[in-house]
Amino acid sequence: MKLIYLNNVTTLKLNSELCTGCSMCLIVCPHNVFSLINKKSVIENKDSCMECGACQRNCPENAISVTTGVGCAAGIINGILNGSNTPVCNCGSGC
Amino acid sequence: MSYISGYIGNIPVVTTNYTISDIIGAIKVRWSINRNSYSIKPGLYAIGNPDKSSEIYVSANYKLSFDHLRKNLNGTNSWILVLDTKGINVWCAAGKGTFGTDELISKINEFNISEIVGHKRIIVPQLGAVGVSAHEVKSKTNFNVKYGPIKATDIKEFVENNYKTSAKMRLVTFTFYERLKLAPVELVGHLKYFIFFVALTFILSCFKNFIFDINSGFNYYYIPLINFSSAYLAGTVLFPVLLPFIPVKYFSFKGLLLSIVISLILLKFGLAGKSILEIISYFFINSAVVSFTAMNFTGATVYTSLSGVKKEMKIWLPTQIILFSLGIIQWLIFIFFE
């Protein structure tokens with residue numbers, strides 16, 4: 001079963017002019033967001049993106065940008081309580 | 001425990017089978033018992049009798065991650081390089097940056113990996129890519145990061161396949177069984193709030209018509225207890241299990257729908273309360289509780305984005321607060337005045 005959360009929310013962007021088609025983004029993405037067309041990466045399944053940031057970190061050409069963070073309501077609430085705009089994990093170990 | 005010496009001091013050799021204590025440890029972690037200290041010492045470990053041509057696998061020092069890896073390396077001669085992720089699993093640690101480029105480079109240098117093996121391959125689990133930059137590791141250590149499969153069970157196939165993951169290996173899953181495994185953590189995780197809420201509402205139930213009477217509390221409280229327990233179990237156990245089968249996208253909305261079904265079932269069995277005011281009050285409270293618990297489950301899933309959850313919370317957190325407040329006010333009116 002394919003898991004998709006909300007549509008049209010991800011901050012993922014790809015500058016295909018910088019892309020050299022190394023396919024690292026295809027290798028690291030856990031949701032099969034990218035595909036290689038004419039030796040260039042394209043964002044094919046945009047709404048599957050969970051903004052983990054693996055593609056951005058592993059793109060040697062800096063062609064990908066995404067605002068990363070954990071999609072965790074408890075973490076966001078904990079962040080707000082701590083006066084932070086980003087999620088703060090509070091689940092103890094394991095995660 | 002045996003050791004391999006002659007490299008960088010003594011390297012511990014670990015087995016690939018689980019002992020009783022490994023299994024009990026894993027069960028305890030799933031029930032949130034002692035979850036904060038389930039870690040192993042970071043460093044270099046050996047499986048079998050590895051040499052200069054053996055593979056190097058990178059792992060986190062969360063014992064469950066390490067156990068999955070070593071179990072699936074049975075029959076091989078391999079090295080395992082365990083990073084210091086503060087006892088946190090690979091994916092979460094990579095998100096926090098502890099399973100990251102700097103830590104990997106520092107462990108490669110500290111344990112002299114370029115002397116331990118003759119090749120330049122280092123196998124990092126794919127989910128570690130959130131924190132590890134392969135090209136940076138290459139430029140600073142000369143090691144080629146090969147991203148291995150998400151599941152340790154695919155490792156041997158990955159190596160046979162010339163260090164390439166198949167499309168299926170790269171896709172993260174969230175199966176029925178995987179969701180079911182999360183239910184105990186959810187159940188235990190919110191338990192203290194639930195017990196506090198039950199205790200507080202029980203004490204309030206004893207104040208029928210402003211007179212404290214513990215017997216009237218005991219006689220009456222089974223109704224709220226059944227309602228609140230049903231909501232709690234629905235949010236923590238049923239919701240994770242049923243997640244993909246409930247229509248609509250927002251988790252909070254899914255939770256609300258589930259809560260409506262639970263309330264209708266309770267109503268059918270005459271357990272939803274006696275008066276209209278009481279029935280509506282439980283309906284509101286339960287809706288808020290299930291919706292909120294469901295919303296919090298976003299953090300345990302494998303596919304929700306930060307942008308998405310922020311959008312969801314903007315709409316649904318105020319809704320939950322309003323539902324809960326209205327429910328509590330009505331219930332207090334019922335207890336004191338009806």
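Are B:F228 and B:Y282 buried or exposed? In this predicted model, both B:F228 and B:Y282 come out buried. Let's use them as a way into the aromatic side of the structure.

Counting over all chains, you get 17 aromatic pairs. One of them is B:F228 with B:Y282, an edge-to-face arrangement with the ring centres 5.7 Å apart and 80° between the planes. The label follows from the angle, because planes over 60 degrees apart count as edge-to-face. Have a look at where the two rings come from: B:F228 sits in helix α12 of chain B, which covers residues 222–242, while B:Y282 belongs to helix α14, residues 276–296 of that chain. The partners are 54 residues apart, so this pair links distant parts of the chain.

Stay on helix α12 and you'll meet another ring, B:F239, which pairs with B:F251. This time the geometry is tilted, with 5.9 Å centre to centre and 55° between the planes. B:F251 is in helix α13 of chain B (residues 251–268), so the contact ties together parts 12 residues apart in sequence. Both B:F239 and B:F251 are buried.

Now follow the rings outwards from that pair. B:F239 and B:F251 belong to a cluster linked by ring pairs, along with B:F174, B:F297, B:Y303 and, from chain A, A:Y5.

Rings also meet charged side chains here. B:K120 lies over the face of B:F143, 4.4 Å from the ring centre. B:K71 does likewise with B:Y18, lying over the face of that ring at 5.2 Å from its centre.

Notes:
Residues are numbered from 1 along each chain as its sequence is written. Chains are lettered from A and ligands numbered from 1 in the order in which they are written. This is a predicted model: local features need pLDDT of at least 70, side-chain atom pairs count only at pLDDT 80 or more; totals for chains, interfaces and linings use all residues. Side-chain values use heavy atoms; hydrogens and water are left out. Rings of Phe, Tyr and Trp (its six-membered ring) pair if their centres lie within 6.5 Å; planes under 30 degrees apart count as stacked, over 60 as edge-to-face and the rest as tilted. Helices (H or I, at least four residues) and strands (E, at least two) are DSSP runs, numbered from the N terminus. Buried means under 20% relative accessible area, exposed over 50%, partly exposed in between (1.4 Å probe, protein chains only). A charge sits over a ring if NZ of Lys or CZ of Arg is within 6 Å of the ring centre and within 35 degrees of the ring normal.
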